[in-house]
Amino acid sequence: MILSVRDFAIGFQREGQNLVAVDGISFDVAEGETFVIIGESGSGKSLTGMSIAGLQPPTAFVSGSIRFKDREMLKRPDAELRKLRGPEIGLIYQDPLSSLNPVWPVGDQIAETLVAHGLAGRTEARKRAVEMLERVRIPDPRRVTSAYPHEISGGMRQRAMIAMALAAGPSLLIADEPTAALDVTIKAQMLELLAELKRELALTIILITHDMGVVAEVADRILVLYAGRIAEVGPADSIMLQPSHPYTAALMTSAMISQTPAKQELNAIVGGAPGLGAFPSGCRFHPRCPRAQDDCKAIEPPRRKFGAVELACHHPIEAAMSLQVARS
Amino acid sequence: MALLELDAVSKTFSQRRGGRAVQAVAGVSVAVGKGETLGLVGESGCGKSTLARLALKLVDVTDGRVRFDGIDVTGFASRRMLPIRRRLQAVFQDPLASLNARMTIAEVMREPFDTHGVKLGAGLEARIRELLSFVGLENIDIQKLPGQFSGGQLQRIAIARALALEPEIIVADEPTSALDPSIQAQIVNLMLQIQRKRGISYLIISHDLDVIGHVADRIAVMYLGTIIEQGTADTIMQRPLHPYTQALLSAAPTLAARRQVGWKRIMLTGDPPNPADVPSGCRFHPRCHLARDICREKVPPLRAMPGTGQMVACHLAPEETARAGAEVGRARRGLAAAS
């Protein structure tokens with residue numbers, strides 16, 4: 001396992017109250033896989049992703065353990081975390097402008113990562129920056145090295161951000177909604193590029209998203225997060241094609257629009273995801289769950305093995321039934 | 001007769017500081033019939049949102065005519081538009097941005113009645129309650145501000161407000177794009193219910209092909225300010241004939257496509273086009289894998305295909321594109337490729 005997360009919790013103090021955003025989650029990520037964390041707004045998916053890279057907000061309180069290549073990441077001093085980000089862990093975001101400096105040529109920024117980590121001298125670093133831009137299929141990389149971020153197109157910026165994240169040769173890439181702001185045809189290019197880079201550079205990828213189309217394409221394993229707790233975790237095919245947790249099934253139904261006869265009502269769940277500090281008792285999904293019974297309101301479902309997946313649900317959908325859900 | 005008709009409309013924006021003029025919409029004709037849903041798809045910068053604003057008369061056309069229920073409203077100033085506006089309402093992508101953040105929900109809901117001089121007196125609050133409950137918001141506190149509601153609730157409020165004066169058509173620009181997936185399905189259902197109960201028409205603009213394919217009767221695909229393909233939702237989703245439509249449909253894999261071994265997409269190279277720099281001939285040719293001399297030289301007209309009534313602007317359709325289109329349609333539905 002390249003990454004082991006155990007009983008990880010993160011929260012904030014607000015007006016003297018402890019508000020827990022992610023509440024004791026555990027999972028492993030194997031080397032070389034694409035591990036996708038699915039969740040809606042407020043599920044804690046980005047907080048989890050950022051904490052793996054040691055980038056949780058400084059005001060947050062954390063507990064549990066995040067071990068990356070046998071190093072404990074939580075409560076590690078900032079200076080040491082900085083040394084890991086780049087050579088060990090690369091990060092990409094939805095908005096490339098949040099990681100690119102607007103007043104610095106693109107190539108210099110990539111070169112600087114290498115110089116800062118002592119991986120190359122200035123001249124060597126510049127050469128490798130051009131190679132990196134070539135690697136992310138930027139046509140005319142020499143021109144782009146000396147361009148400022150605003151001088152290149154959105155798609156090129158996205159590629160430059162990926163080049164920067166991967167320049168120092170990390171083994172783990174954390175991608176937080178990397179395609180959310182992109183048009184479908186550009187999104188498709190990004191996904192193909194990530195798949196190619198993953199193969200070429202033997203990357204492990206943790207992808208955080210709420211886009212089921214993206215998940216369908218790239219996921220090896222999936223973790224479904226709901227209101228700071230794990231609903232379901234397991235192989236992508238089981239989770240997408242035969243969801244056992246009613247919440248996952250609902251997410252997939254909205255993604256299965258193309259399978260529903262035109263103009264027919266979709267199998268939507270009611271309500272919205274609860275906000276921080278307003279998580280319901282028992283199973284946190286129970287107020288929206290079509291299968292909820294009394295025990296769901298009172299007792300938090302323990303995590304258990306169910307077929308090919310692990311889930312936290314008192315009344316999961318049996319495999320034969322979930323196929324029906326998928327067809328309906 | 002069509003309820004809303006855009007007849008060869010164009011919109012040119014002149015850039016400040018003497019920059020080049022940008023033609024965002026270039027000679028587009030679309031019509032929405034009574035009770036019908038027209039879906040308009042395209043990527044950023046294709047002009048679809050400008051087209052929505054032309055339809056709503058929020059901006060004036062540079063060329064062409066806009067007709068509502070047979071009335072030519074092209075030159076109508078806002079005072080003459082007022083009675084038309086009652087019948088033609090809008091819903092936008094980000095409800096928090098489109099509702100005034102300092103107004104309570106009661107004030108937000110009351111505004112359309114005030115604007116159009118509809119006096120309900122003591123009946124106003126009951127009417128507001130009725131509208132909100134129609135969109136599934138029975139017990140909300142209408143003295144609260146928009147910021148105190150979730151995105152899904154706000155989109156319902158925006159829809160309730162649009163319905164206040166019982167319009168005949170709603171122009172919805174990316175109505176589900178800013179919402180979480182479980183909320184998107186709710187809003188899709190709500191829009192379908194409204195149509196079933198009230199026989200309303202929709203012009204829905206979106207980049208989300210799944211949503212458009214599900215709710216629309218007919219679909220028009222825009223590229224760089226022009227319509228490149230138009231037809232019934234079934235033909236566009238199952239047998240697209242324009243290489244761009246095919247690329248769009250195959251770019252976003254469905255869950256069904258995942259089940260197939262060897263599923264492959266039609267990949268577009270290059271960046272989305274720039275409306276300030278329109279290519280010669282077919283506007284799509286620099287990104288088209290089929291492009292040849294005629295495509296670089298001659299603008300393909302939008303022409304009807306025999307039999308289906310599908311309209312396509314491609315020199316090579318249907319002869320060289322039909323097979324690929326059928327494959328794309330099958331893959332989306334999770335069917336294996338035809339041998």
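Trainee: In what order do the strands of the open sheet of chain A run?

Mentor: This is a predicted model, so every statement here is about a prediction. In chain A, four strands build an open sheet with antiparallel pairing. Their order is β2-β1-β4-β5.

Trainee: Which strands of chain A are the edge strands?

Mentor: An edge strand of this sheet pairs on one side only. Two strands of chain A fit that description. They are β2 (17-29) and β5 (71-72).

Trainee: Over how many bridges do β1 and β4 of chain A pair?

Mentor: Strand β1 covers residues 3-14 of chain A, and strand β4 covers residues 61-68. The two pair in the antiparallel sense. The number of bridges is seven.

Trainee: Which residue in β4(A) stands opposite A:Val5?

Mentor: β1(A) spans residues 3-14, and A:Val5 falls in that range. Its partner across the pairing lies in β4(A). That partner is A:Ile66.

Trainee: What is the strand order of the open sheet in chain B?

Mentor: Four strands form this sheet, and the pairing is antiparallel. The edge strands are β2 (22-32) and β5 (71-72) of chain B, each paired on one side only. The order is β2-β1-β4-β5.

Trainee: Which residue in β5(B) stands opposite B:Arg67?

Mentor: Strand β4 of chain B, residues 63-68, pairs with β5(B) in the antiparallel sense over two bridges. B:Arg67 faces a residue of β5(B). That residue is B:Asp72.

Trainee: Which strands of chain B does α1(B) touch as it packs on the sheet?

Mentor: The direction of α1(B) makes about 120 degrees with that of β1(B). The helix packs on the sheet and touches strands of chain B. These are β1 (4-13), β2 and β4.

Trainee: How many of the eight residues of α1 of chain B are buried?

Mentor: The helix covers residues 48-55 of chain B. Its buried residues are B:Lys48, B:Thr50, B:Leu51, B:Ala52, B:Leu54 and B:Ala55. The helix is therefore largely enclosed by the rest of the structure, and the count of buried residues is six.

Trainee: What phi does B:Lys57 take?

Mentor: B:Lys57 comes just after α1(B). Its phi is positive. The value is about 60 degrees.

Trainee: Which element gives the most to the side of chain A that touches chain B?

Mentor: The contact takes 38 residues from chain A and 38 residues from chain B. On the chain A side, the elements that give two or more residues are α7 (184-201), α8 (212-218), α9 (236-241) and α10 (246-255). With seven residues, the one that gives the most is α7(A).

Trainee: How many charged residues does the side of chain A that touches chain B have?

Mentor: That side divides by class. It has 18 nonpolar and 13 polar residues. The charged residues number seven.

Trainee: How many of the residues of α10(A) are buried?

Mentor: This helix is mostly covered. Its buried residues include A:Pro246, A:Tyr247, A:Leu251 and A:Met252. Of its ten residues, the buried ones number ten.

Trainee: At roughly what angle do the axes of α10 and α13 of chain B cross?

Mentor: The stretches are residues 243-251 of α10(B) and residues 322-332 of α13(B), and their axes come within 10 Å. The angle makes α10(B) roughly parallel to α13(B). The crossing is left-handed. The angle is roughly 20 degrees.

Trainee: Which residues in α10(B) meet α13(B)?

Mentor: On the α13(B) side are B:Ala324, B:Gly325, B:Val328, B:Ala331 and B:Arg332. The residues of this contact divide into four nonpolar, three polar and one charged. The α10(B) residues are B:Gln246, B:Leu249 and B:Ser250.

Trainee: Which residue does a cis peptide bond join to B:Ala317?

Mentor: Omega of this bond is about -5 degrees. The residue sits in the loop between β12 (311-312) and α13 of chain B. It is B:Pro318.

Trainee: Is A:Asp140 buried or exposed?

Mentor: A:Asp140 lies in the loop between α4 (122-135) and α5 (141-145) of chain A. Its phi is positive, about 60 degrees, although it is not a glycine. It has 11 other C-beta atoms within 10 Å, and 12 or fewer counts as exposed. So A:Asp140 is exposed.

Trainee: Is B:Glu166 buried or exposed?

Mentor: B:Glu166 lies in the loop between α6 (151-163) and β7 (169-173) of chain B. Its phi is near 50 degrees, a positive value in a residue other than glycine. With 10 C-beta neighbours inside 10 Å, B:Glu166 counts as exposed.

How values were computed: Residues are numbered from 1 along each chain as its sequence is written. Chains are lettered from A and ligands numbered from 1 in the order in which they are written. This is a predicted model: local features need pLDDT of at least 70, side-chain atom pairs count only at pLDDT 80 or more; totals for chains, interfaces and linings use all residues. Two residues are in contact if their C-beta atoms, placed from the backbone, lie within 7 Å. Ala, Val, Leu, Ile, Met, Phe, Trp, Tyr, Cys and Pro count as nonpolar, Asp, Glu, Lys and Arg as charged, and the others, Gly among them, as polar. Axes are lines fitted to C-alpha atoms, for helices over the stretch in contact, and angles run from 0 to 180 degrees between N-to-C directions. Angles under 35 degrees count as roughly parallel, over 145 as roughly antiparallel, 65 to 115 as roughly perpendicular and the rest as oblique. A crossing is left-handed if the near helix is turned anticlockwise from the far one by less than a right angle, and right-handed if clockwise. Two strands pair if DSSP finds at least two bridges between them. A residue is buried if 20 or more other C-beta atoms lie within 10 Å of its own, exposed if 12 or fewer, and partly exposed in between; C-beta atoms are placed from the backbone.
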